[in-house]
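Here is a short briefing to read with the structure open beside you. Please take a moment to load the view and find the chain ends before going on.

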Amino acid sequence: MGVDDIGLPSTRRLRLRRLTMGDVGALVELDSDPEVMRFLSGGVATPLATVRDEQMPRLLAGYDRHPALGRWAALDRETGEFLGWFALDPSADGTEAELGYRLRRSTWGRGLATEGSRALVRYAFDSVGVRRVWAETMAVNERSRRVMAKAGLHHVRTFHLQWDDPIPGTEHGEVEYELRAEEWAAGQERPAARRAR
């Protein structure tokens with residue numbers, strides 16, 4: 001893993017950068033794929049006005065409050081192509097971060113979500129110094145749950161929310177995964193201890 005000029009992690013295949021208003025079209029296109037949005041909105045696209053006038057101003061303002069955290073465009077390291085986004089959305093005080101990712105369907109099955117998530121977990125603990133990284137998804141979203149587990153997070157609870165407009169699978173609940181700083185530190189010490197023997 002490398003680090004770019006403002007400290008964001010990069011991987012062998014991914015480069016992350018801050019989002020800009022110039023990314024609105026790519027974000028709208030990403031959210032227009034029914035399969036990408038299946039476990040988020042039941043496949044309903046996010047309208048341009050919502051991305052441009054609500055989501056982007058909030059995300060851009062977040063960079064000022066917590067410069068090391070937020071949501072970032074994920075680019076193909078070789079071609080520069082927009083592949084989607086990754087996030088470490090901060091808690092109000094910035095001591096915790098919610099891991100998130102949304103990638104174009106054409107990238108699925110290549111391990112990019114896991115690659116980016118692992119890099120962000122390392123960055124969150126080693127560079128930012130958060131006390132906890134967590135993530136949520138629908139219980140039926142097996143692909144996303146596998147990414148969370150491969151990134152080192154573990155299941156801590158299943159819970160049920162009330163929705164005005166539930167989507168298929170809602171009846172099975174939501175799941176939360178987490179990794180705490182002390183667990184991360186202990187996991188980093190084990191390989192070093194084995195090498196010392």
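The notes below go through a covered helix, a strand residue, the salt bridges and a charged surface patch.

Please keep in mind that this is a predicted model. Two topics are good places to start: helix α1, where 6 of the 8 residues are buried, and the salt bridges, of which the structure holds 14.

**Helix α1 and Val28**

- Helix α1 is mostly covered, and its buried residues are Val24, Ala26, Leu27, Val28, Leu30 and Asp31.
- What lies over these buried residues? The cover includes α3 (48–65), β5 (82–90) and β6 (96–103).
- Val28 is a handy residue to click on in this helix, which spans residues 24–31.
- Is Val28 buried or exposed? Its relative accessible area is 19%, and because the cut-off for buried is under 20%, Val28 counts as buried.
- Beyond its neighbours within four places in sequence, Val28 is in contact with Thr46, Leu48 and Val51.
- Val28 can also be paired with Ala45 in your viewer: the two are 17 residues apart in sequence, and their C-alpha atoms are 7.9 Å apart in space.

**Arg71 in strand β4**

- Arg71 sits in strand β4, which covers residues 70–76.
- With a relative accessibility of 16%, Arg71 counts as buried, since buried means under 20%.
- Which residues does Arg71 touch, leaving aside its neighbours within four places in sequence? Its contacts are Leu19, Leu59, Tyr63, Trp85, Phe86, Ala87 and Asp89.
- Arg71 and Leu16 are 55 residues apart along the chain, and 9.3 Å separates their C-alpha atoms.

**Salt bridges**

- As a reminder, side chains of opposite charge can pair when their charged atoms come close.
- One of the pairs joins the side chains of Arg13 and Glu115, with an N to O distance of 2.7 Å.
- Arg13 is in the loop between β2 (9–10) and β3 (14–18) while Glu115 is in helix α4, so this salt bridge ties together parts that are 102 residues apart in sequence.
- The two partners have separate labels for exposure: Arg13 is partly exposed at 22% relative accessibility, whereas Glu115 is buried at 16%.
- Another salt bridge brings together the side chains of Arg17 and Asp23, at 2.8 Å from N to O.
- In that pair, Arg17 is partly exposed with a relative accessible area of 24%, and Asp23 is buried with 5%.
- Arg180 and Glu178 form a salt bridge as well, and their closest N and O atoms are 3.1 Å apart.
- Arg180 counts as partly exposed at 31% relative accessibility, while Glu178 counts as buried at 9%.
- Where do Arg180 and Glu178 belong in the wider picture? They are part of a network of salt bridges that links Glu96, Arg131, Arg132, Arg157, Glu176, Glu178 and Arg180.

**A positive patch on the surface**

- Which residues make up the positive surface patch? Arg38, Arg118, Arg143, Arg146 and Lys150 form it.
- Helix α5, residues 142–150, gives the most to this patch, with 3 residues.
- Arg143 lies in helix α5 and counts as partly exposed, at 40% relative accessibility.
- Arg143 and Gly109 are 34 residues apart in sequence, and the distance between their C-alpha atoms is 9.5 Å.
- Arg118 brings helix α4 (residues 112–128) into view, and at 43% relative accessibility Arg118 counts as partly exposed.
- Helix α4 is worth a second look while you are there: Arg118 lies in it, and so does Glu115, the partner of Arg13.

Notes
Residues numbered from 1 in each chain as written. Predicted model: local features only at pLDDT ≥ 70, side-chain atom pairs only at ≥ 80, totals over all residues. Heavy atoms only, no water. Helix = DSSP H or I, 4+ residues; strand = E, 2+ residues; numbered from the N terminus. Buried < 20%, exposed > 50% of the residue type's maximum accessible area, 1.4 Å probe, protein only. Contact = heavy atoms within 4.5 Å. Patch = residues over 30% accessible without salt bridge, like charges linked within 9 Å, V, L, I, M, F, W, Y side chains within 5 Å. Areas by Shrake-Rupley, 256 points an atom, 1.4 Å probe, with all protein chains shown as cover. Salt bridge = Lys/Arg side-chain N within 4 Å of Asp/Glu carboxyl O. Lys, Arg positive; Asp, Glu negative; His and termini not counted. Charge placed at Lys NZ, Arg CZ, Asp CG, Glu CD.
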